[in-house]
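Open the model in a viewer and keep the sequence panel visible. The stops below each say what to select and what is found there.

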Amino acid sequence: MLKECIDHCGNHHKTCVGAVTSKLPFRVIDVGVDGCEPFLFETGELDGSYFTLSHCWGGMISQRTTTLNVDQYKQAIPLESLPATIRDAIILTRDLGIRYIWIDALCIVQDSPEDWETESAKMATIYGECRAMIAASRSSSSTAGIFHDRPKKHGFRIPDRVLETASCPVYATFTDLDLAEAQEASPLAKRGWTLQEAILPRAVIHFLDGSIVWECLAMRVFESGVYESLASSVTRGSSSLHRNSAGTEFSAADPEYQWLMLVEEYTRRQLTYESDKIKALSGIATAYGRDRSDFHVNGIWCGNQDQGIMWQAQARGPRFVGHCTTIEYKYRPDGSTDTKNVTEMMPRVTTGQSGVRRNADLESETDKPTQRTMVSMQLAPSWSWVSVDGPVVWKYGFHTGGVSLLINARLDPAPTKSYYFRFDCAVLFQAQVSRLEYSSDSDNFTAMGEDHQPHELQGVALEALPDVPKPCYLIWARVTQDENRASTDFGCLIVQSNDSPTGGVIECRRIGASWMDADAAALIRQKATSCGIKLL
Ligand SMILES: [Zn+2]
C-alpha cells in the first residue's frame, strides 16, 4: 500500500512534486540493502530522496552519534544495536525503496553544541524537503518500535463459509478511524519538539493505533483502502507550513491567526527543558518568517506585536522575578551529570544560546532534572508568552479583527533579525492607563470608576502574583466588536511598575491580562489617562 502511495504521489501530485528529489541534509543514514549495515553519510551537495523520522525519545537514546563514534558510524551502524523504533524506521525505508533517512539522534552529533546549533537551525528545510516523514505515533520511547499489535476491536475474521471463494483468511476492519483524534491521542502529539515535525513535511506515514495512514498534500489513504482526496483543501499556496497538526486547524489566508494557533498548541505540549522552549519551534518559525519576510523576537512577530502580546496564561505558574537559582541537570549530552548555575548563564542567554542543548524530550520522571526549583529562569521579557511555563491562549475574538489601542507600538531596540531570546528588548507605546489596587483577600484588582467607587476587574487571568507595594496599572490594549456591532470587548494588560513613572513613561512588567465587555469597561474607562509605556 505504501509503495503504491509513494509512486502515485510522485507521478500524479503536482503539489507534492517538490519533495520527490531535493538537496539532502548534511548528514543522512544510507540504509543500504538487506544484509548490509546502514551507515552515516555526509552528503556534500548531493540531491536525493530521503525520509525523516518523528519519534519520542523516551529517555536518553543509548546508540546516538557522538564525537567519539561519528567516524565509526560513517563506516557502519550495527542495525541490531539500534533501539527498536530507529531500527524499524531504517528497515521500512529500505523496504520502500528509499535510500536515505534523517534521524535526529544519529544525524546530529549529540555532544557537540556547535553541531546542534548548525543542524537544528536547518529543521525547516530538513523536514520540509523530505520525501515523507515516518511518524512513530504510537511509540512512547525509542525502544518501543514502530509496529505494534493491533487491539482486537480493530478487526475480526470473516467466516470461511461466508466467503466461499476466498483462498486465504479475510478480516473485516473498522474504517471510521478519525485521523485527527487518533493523532491527538498518540504519545507523539504530546511532545513539544514533534509539533514542527508534524507541520513541515509534505507527506507523512502515520503508524496509528488502528491503521497505517499515508497522508500527503493531495490524498489520505488508509490501510483499509479508504481514500480521501485532499486536493480541494490544499489552500496553503506558497506556505512552507504544509499541513495542519492534529490539534490545529488554520488556513494560509490568515497567517497571524495561524501563528497564534500554533503557539497555543505548542504551549499545550510538554518540554522537558524550558531552555528548549522556543528552539523546539525554530523550524516552524524559520519557515513562517521566510514566507512573510518578517522576524520574531521572543516568539512574537514584529508585524503583529500588538496582537502577539495579548496572550493569556492558562495557569499562574513560576515566573522569573529578578533572581535565579541553581538547576541541577541529571544528564548532559554525553550522559554525565552536571550542575549549571543559571545565574552565571543568564547574561549570555540573549541571542538564542540556551545553555544546555538537547533534542531529547525526556518523558519519564526519572529522566527529568533531579532538582529543579519552581522559579528557574526567565527565558524572555514579561511581554512574551515564552516567559511563562505552561499553556497560553489568545482569547477568541482577538485572533482576527480587533483594533489595537496601543499608539506607536514598537520594539526597542528595533530588531534587525529574528531572536529566539532577547532580554533587553522592550515594547514601547502610548496608551490609556488606569491605576489598579490589588486586594489579596479577593485575589483581584479594583479600579476607581467615575462614580468614585472601586470596581472589580472582570475576566482576569494572572500569570504572576503582584508584588504588593509596587503600583499596578491596567493598559487598555485592544477593542473588538462582533459582526453586528452588538457587543464590544476590551482586552487589557495588567502590569506592575518597577518604579514610579519617570518623564511620563511607566516602566513595567506584564503580570496578567483582563477581558471585559463594554458595560464593565464603561465604569472605569473614563478615568483612564494617557501615558507612555515601556513594557519589559
Ligand atoms: Zn502526494
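**Stop 1: a pair of parallel strands**

Select β7 and β10: these strands run parallel and are joined by three bridges. Within this pairing, I134 stands opposite I205 in β10. The structure is a predicted model.

Now add β5. This strand pairs with β7 in the parallel sense, over four bridges. Here L53 is the residue opposite I134 in β7.

Show the side chains of β7, residues 132-135. Which of them point one way, and which the other? A132 and I134 point one way, M133 and A135 the other, and all are buried. In a regular strand, side chains alternate between the two faces of the sheet.

**Stop 2: the whole sheet**

Extend the selection to the open sheet of nine strands, with the order β3-β2-β6-β5-β7-β10-β11-β12-β13 and mixed pairing. Which strands stand at the edges? They are β3 (39-42) and β13 (227-229); each has a single partner strand, so one side of each is left without a neighbour in the sheet. From one strand to the next, the twist averages 25°.

Next, select residues 2-12, which form helix α1. This helix packs on the sheet and touches β5 (50-54), β10, β11 (212-215) and β12 (219-222). The direction of α1 makes about 5° with that of β11.

For an antiparallel pair in the sheet, go to β2 (residues 27-30) and β6 (residues 100-102), joined by two bridges. I29 stands opposite I101 in β6.

**Stop 3: two buried arginines**

Select R202, in the loop between α8 (194-199) and β10 (204-207). Is R202 buried or exposed? Its relative accessible area is 14%, under the 20% limit, so R202 counts as buried. The R202 side chain reaches the backbone oxygen of G128 at 3.0 Å. Then measure from R202 to A218: the C-alpha atoms are 9.3 Å apart in space, and the residues 16 apart in sequence.

The second arginine is R269, placed in the loop between α9 (255-268) and α10 (282-292). R269 is buried too, with a relative accessible area of 10%. Which backbone oxygens does its side chain reach? One is that of A189, at 3.4 Å. Another is the backbone oxygen of R191, which lies 2.8 Å from a polar atom of the R269 side chain. Leaving out residues up to four places away in sequence, R269 touches L188, A189, K190, R191, G192, T194 and L195.

**Stop 4: backbone exceptions**

Most residues other than glycine have a negative phi, and most peptide bonds are trans. The next selections depart from that pattern.

Start with the peptide bond from D412 to P413, which is cis, with omega near 0°. P413 is found in the loop between β21 (407-412) and β22 (426-439).

Step back to N408, which lies in strand β21. Phi of N408 is near 55°, a positive value in a residue other than glycine. N408 counts as exposed because its relative accessibility, 63%, is over 50%.

Then go to D443, in the loop between β22 and β23 (444-448). D443, also a residue other than glycine, has a positive phi, near 50°. With a relative accessibility of 32%, D443 counts as partly exposed.

**Stop 5: the chain as a whole**

Clear the selection and colour by pLDDT. The average for the protein chain is 79, and 79% of the residues score at least 70. Where is the pLDDT below 50? One such stretch is residues 232-239, which has 14 contacts in the model beyond near neighbours in sequence. Another is residues 246-250, with 17 contacts counted beyond near neighbours in sequence.

Some totals can be kept beside the view. The protein chain has 13 helices and 29 strands. Of its 536 residues, 53% count as buried. The accessible surface comes to about 23300 Å², and 50% of this belongs to carbon and sulfur atoms. Among contacts with a separation of 6 or more, residues 24 or more positions apart account for 73%.

Methods
Residues numbered from 1 in each chain as written. Predicted model: local features only at pLDDT ≥ 70, side-chain atom pairs only at ≥ 80, totals over all residues. Heavy atoms only, no water. Buried < 20%, exposed > 50% of the residue type's maximum accessible area, 1.4 Å probe, protein only. Polar contact = N/O pair within 3.5 Å; in protein donor to acceptor, adjacent residues only side chain to side chain. pLDDT = per-residue confidence, 0-100. Contact = heavy atoms within 4.5 Å. Pairing = 2+ DSSP bridges. Axes fitted to C-alpha atoms, helices over the stretch in contact; angles between N-to-C directions. Areas by Shrake-Rupley, 256 points an atom, 1.4 Å probe, with all protein chains shown as cover.
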